[in-house]
Amino acid sequence: MASGVDEESKKLKLYSSWRSSCSCRVRIALNLKGLDYEYIPVNLLKGEQKSPEFLKLNPLGFVPVLVDGDIYLEEKYPQHPLLPQDLQRKAVNHQAANLVSSGIQCYQNLPIIGYIKEKLGPDEMLTWVQHHIQKGFAALEKLLGNYAGKYATGDEVFLADLFLAPQIDGAVKRFNIEMKEFPLLSKMNESYKEHPAFENAMPGKQPDAPPSESRN
């Protein structure tokens, strides 16, 4: 019994929200590395990320939060490395991940789109989000053009793919982006749909997804 309790205490804990693309990236990474974890849902619409208990974990009040000591995930669990050895491809992975996080996803965070929707209306909010997604996707098509294979920088999954998969999924399902303008990203998206580590991390597969979204 004591051994079981000890093992349970060592289990990774992921504070996550089903539709959060940032949370989805971590879920993919954990799946790729074959790591078991406890999923702890955080309801962003109810403001649970602002609770005193959650702010002790992350003072910024953002998801995800992975509880597993203070060691960087990639260094503690080196299986299935998230970056290639080739320096050029490693740099491209960093570039693509940064482009998604700072050039696309940040413009569709709940506080941002909520503010625009309140001030300008839902149509302007959608136009705002679509503009930034399309601009970012066009840049990614150019950036990855000389490197992409089945995935972003070849035929193996790396960091860039963890950022691209949830971003493309959200662009299509939430913001009605027409992907025919982005053939390279569309091809990669089909590969993501066939990979269990990605599919099992998608929003509709999470325990806190509403019934209308479940399994989508």
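Mentor: First, a word on annotations: UniProt positions are given in the numbering used here, feature names are shortened, and annotations may be inferred rather than shown by experiment. This is a predicted model, where local features need pLDDT of at least 70, side-chain atom pairs count only at pLDDT 80 or more, and totals for chains, interfaces and linings use all residues. Residues are numbered from 1 along each chain as its sequence is written, and side-chain values use heavy atoms, leaving out hydrogens and water.

Trainee: Okay, how much of residues 86-211 is helix?

Mentor: That's the stretch the unreviewed UniProt entry labels "domain: GST C-terminal". Helices (H or I, at least four residues) and strands (E, at least two) are DSSP runs, numbered from the N terminus. The span's end C-alpha atoms sit 43 Å apart, strand makes up 0%, and helix makes up 64%.

Trainee: And how many disulfides does a search of the whole structure find?

Mentor: A disulfide here is a pair of cysteine sulfur atoms within 2.5 Å. Take Cys-22: its closest cysteine sulfur is in Cys-106, 9.7 Å away, so that's too far for a bond. Searching the whole structure, the count is zero.

Trainee: Is Cys-106 buried, exposed or partly exposed?

Mentor: Buried means under 20% relative accessible area, exposed over 50%, and partly exposed in between (1.4 Å probe, protein chains only). With a relative accessible area of 25%, Cys-106 is partly exposed.

Trainee: What share of contacts in the chain between residues at least 6 apart in sequence joins residues at least 24 apart?

Mentor: A contact means heavy atoms within 4.5 Å. Among contacts between residues at least 6 apart, the share joining residues at least 24 apart is 70%.
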